[in-house]
Amino acid sequence: MNDTETKSSFLKKTINEYIWEISKLQTEAEAHNSLKSERDSTIQKLFSRHNLGSLPSSPFDNDVALNLTNRVKSRLLDLEQDLQDKKKSNEMELKASWDQYMDANDRWKNIDAQKQAKAEIKSGLLKRIKEKEDERDSFELQISNVDLSHIDEREQSMRIEVERKTNQLAGREFESNIRQKQSELYSIEQKIKALNREKDIMAGDSEDRVKLALKKAELENHKKKHRKIIDDCKDKIRGVLKGRLPPDKDLKKEMTQALRAINLEFDDLGSKSREAEKEVNMLQMKIQEANDSLSKLRKDLESRKRFIESKLLSLDRQSSDIDAYLRVLESAKEKRDVQKSKYNIADGMRQMFDPFERVARAHHVCPCCERPFSAEEEDDFVKKQRVKATSSAEHMKVLAMESSNADSYFQQLDKLRVVYEEYTKIKKETIPHTEKSLDEFTKELDQKSQALDDVLGVLAQIKAEKDSVEALLQPVDTADRLFQEVQTLQKQVDDLEYKLDFRGQGVRTMEEIQLELNDLQSTKDNLHNELEKLRDEQRYMENDLSNIQIRWHTLREEKVTAANTLRDVKKAEEELERLWEERNQLDLDEKHLMEALGHISKDRDRLLNEYNDLKAKLNHDYDEQAEQKRSYHQEVDSLLKLSSKIKEYHDLKKGDRLKELEERQGASESQLQGCDQRKREISEELTKSKDSMRNQDQFRRNIEDNLNYRKTKSEVDDLTREIESLEDRILKIGGISTIEVELVKLSQERERQLSELNRCQGTMSVYQSNISKNKLDLKQAQYKDIDKRYFDQLIQLKTTEMANKDLDRYYNALDKALMRFHTMKMEEINKIIRELWQQTYRGQDIDYIRIHSDSEGAGTRSYSYKVLMLTGDAELEMRGRCSAGQKVLASLIIRLALAETFCLNCGILALDEPTTNLDGPNAESLAAALVRIMEDRKGQENFQLIVITHDERFAQLIGQRQHAEKYYRVSKDDHQHSIIEAQEIFD
């Protein structure tokens, strides 16, 4: 009875579900039919409205509707193409019209620019005409005040006077007389010097003999020292110079050359050793990188192997070896294909049962052989088909499960293919290639290490030779210095011996020499007075002639100026005529340009209006065509939406589903009628059984109620005891609030851990996606040999960093050396400035001056300098606090100090007007300082002092005959040309 009721309720539920789904499908079918009718009407409207051709009779089937829709879509594409063509043609027409307007506008601008240029030229011409008229008026005003005839007469008389004075000066022959007197004076001075020298020689004869004895003793002492040093170092020198002992004068030179050659060789070997060491370090780094890469590859290989074997072990309990992966994958693929084939066959057989049943019920014949069925045979055939359908459904579930398992097993194995391929590539390609590179690096490292050891051995040998040569440098320098001193002493001894031998012949007495000196001195004084008298006469006549020449030149300049003014007046008038002609021509050109500009302006305006009208017309036509296209496109979109909905209905096969559900509903209703008939029969039998069992049921219920009561009571007692124990535990823990607080904390911690877990999982997924993406990127051509290229760049970076560190170290050392050099030179310059100031300055307000330098910033070699003046302990800056003479004197002293410090190899000192703003005592002190400098530097071959001055007193103070033989005087001749004359210096 229960089974029948269950089956009946199941059939009712199934029928209700069929009815609900059938009603839903019928609604969709009605909507589908309405969509088809709407689609057909839309197509008819489109074809009639847009004249797309003839139409078949409606309603349309799906193929006809699809063809018509394609024709509509092609018409839409044609409209879009026509719209694009229209747009291009409009743009071309507008461009042609605009080009015509731009050509006219360019012509207008060109003519307008020419007109403006003509106007500017015209204004410039008017300005020049005004200037030329003013210039002509000024020239005429100047020439009106000049009497040319009077100027000619005065110029002629002055020329005659100049010729007379010149002839008079030439007739006196001052130059020849002065040169004769100077030659006589010079010969007398030479005689006086010879007599004084002879007198000094006679007085110093005894002193020279004492000097000769001392020089000989010193000479012998130096020779002994020199010979001792040479004997001590003879073997070492021969060892350095390969068995050769050079002469004493060339010993230092050859030792220096040998040391220079050894230093060059030592530096060359040092650079080679550093390069070899750098190469060895680079190879060691490469080997370390290769070892790290090899260990990493092996770890990756082992991890992939363990991963694949663990997966194989979890999927296939029998085979866990990685070599069996391909075999397991192939077998899984074959198993999946077999299971799919079985499932497809069973599904095909299952799909045959329902059609067979429908054919048998509809035609009452066998679907296979078309034999007619009787009612019983038909029921038996249908019953067998349903039994087979039920059993085939169970079998289909089993086959679907097995096929799904086989496919899942194959997919899991196939996912390991990428890891297996990476494993195979690492094992067969990457690791052997890395091992080969490691062997090559190791061999190359051995070679480079051997080469480095060889270079270091040779370097040590050269270092020993260099130390031995450097040890010989000091004794060789001492020997060379002693040799030079021996040569000097030998020359002095020879000179003294020659002097003493020469003095022994024909010596006069001291009285005779003194008497002759007195006569020569008196003759010299007379000649000097006559020479001064001749010079005074010559100077007077030359000054007179110079004054007359100046007056003559002034008159000549006035005459030339007047002639030039007349010429300028004529030139200005000619220029004015030419400018007026140019102005008239410009007026004519400007008139022509105005006429041309008016015509072109009208053409430009006409073309611009035509362009605007054409643009408006074309835009209107294009907008109308675009609007037609937009409306047609909207209608096509609505048609396509209807077609897509109709296609979706057909794709889902909802009509077939409706028919199938209606058939199933009929079968279920027939089964439900059979179940109801069976249920009525069972109900009658059950009523009879209930009457017989009613009494027994009452007794059984009483017993069951008693048992249930006892069981419920024992459960109540147990629950009461459990509640009491839980209350005791709650009291011990601290109450419900404590547990709730703890629960809240644990909940928050759980939420935090979950969020952290989700974040980590998200991060891990991002990393995994990045890893897979990077792996794909690494397979591209641009990342080929990326490890090698990265390693080369790393080596280059490290080498560059080492070079930068060395350069920083050298830069700091150079900076410190420059700072020390600057400090030392400033101290030397201030010392010289102090000495020169104290020797030169005659005032009492400033003790000395010095230069103070301040660094402009930390870590820089830029300085700011200022000059300070000191008196006692007080110091002040000289700028704005000293007189002009003090400034000039300070400037000269600073220049002298700088020349003394920095110009030893280029000893040229030039002073221009050094006595400017200096008073007499300070000028004399400066001259004395310059004389002392010349005395100190006269032994220097490249020293030269150049002084330019108008102060003859200062020139006489520094122009002494022991320092120079002549000086140069610059003057002007009659034609105002500069003349440089050499003047003799006389004591």
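A search of the whole structure, which is a predicted model, finds 17 salt bridges. The tour below visits several of them and then turns to a patch of negative charge.

**The whole chain**

Begin with the full chain in cartoon representation, where 16 helices and seven strands can be traced. Colouring by relative accessibility will show that buried residues make up 26% of the 987 residues. With the surface displayed, the chain exposes about 68,100 Å², and carbon and sulfur atoms supply 51% of that area. Among contacts with a separation of 6 or more, 75% link residues 24 or more positions apart.

**Helix H6**

Next, select Lys272 and Asp268. These residues form a salt bridge in which the closest N and O atoms are 3.8 Å apart. Both belong to helix H6 (residues 251-315), and because they are four residues apart, about one helical turn separates them. Lys272 is partly exposed, at 42% relative accessibility, and Asp268 is likewise partly exposed, at 38%.

**Helix H10: a salt bridge**

Move to helix H10, which spans residues 510-651, and select Glu610 and Arg606. Their closest N and O atoms lie 3.0 Å apart in a salt bridge. Within helix H10 the two residues are four positions apart, about one turn of the helix. Glu610 has a relative accessibility of 38% and counts as partly exposed; Arg606, at 42%, also counts as partly exposed.

**Helix H10: the negative patch**

Remain on helix H10 and select Glu573, Glu574, Glu577 and Glu581, then add Glu140; these five residues form a negative surface patch. Which helix gives the most to the negative patch? Helix H10 does, with four residues. Centre the view on Glu577, which is placed in helix H10. Is Glu577 buried or exposed? Glu577 has a relative accessible area of 55% and is therefore exposed, since the cut-off for that class is over 50%.

**Helix H11**

Proceed to helix H11 (residues 654-733) and select Arg721 and Asp718, which are three residues apart and thus separated by about one helical turn. A salt bridge joins Arg721 to Asp718, with 2.2 Å between the closest N and O atoms. Both partners are partly exposed: Arg721 has a relative accessibility of 49%, and Asp718 has one of 40%.

**A network of salt bridges**

Finally, select Arg336, Asp337 and Asp407. Salt bridges with shared partners join these three residues into one network.

How values were computed:
Residues numbered from 1 in each chain as written. Predicted model: local features only at pLDDT ≥ 70, side-chain atom pairs only at ≥ 80, totals over all residues. Heavy atoms only, no water. Patch = residues over 30% accessible without salt bridge, like charges linked within 9 Å, V, L, I, M, F, W, Y side chains within 5 Å. Areas by Shrake-Rupley, 256 points an atom, 1.4 Å probe, with all protein chains shown as cover. Salt bridge = Lys/Arg side-chain N within 4 Å of Asp/Glu carboxyl O. Lys, Arg positive; Asp, Glu negative; His and termini not counted. Charge placed at Lys NZ, Arg CZ, Asp CG, Glu CD. Buried < 20%, exposed > 50% of the residue type's maximum accessible area, 1.4 Å probe, protein only. Contact = heavy atoms within 4.5 Å.
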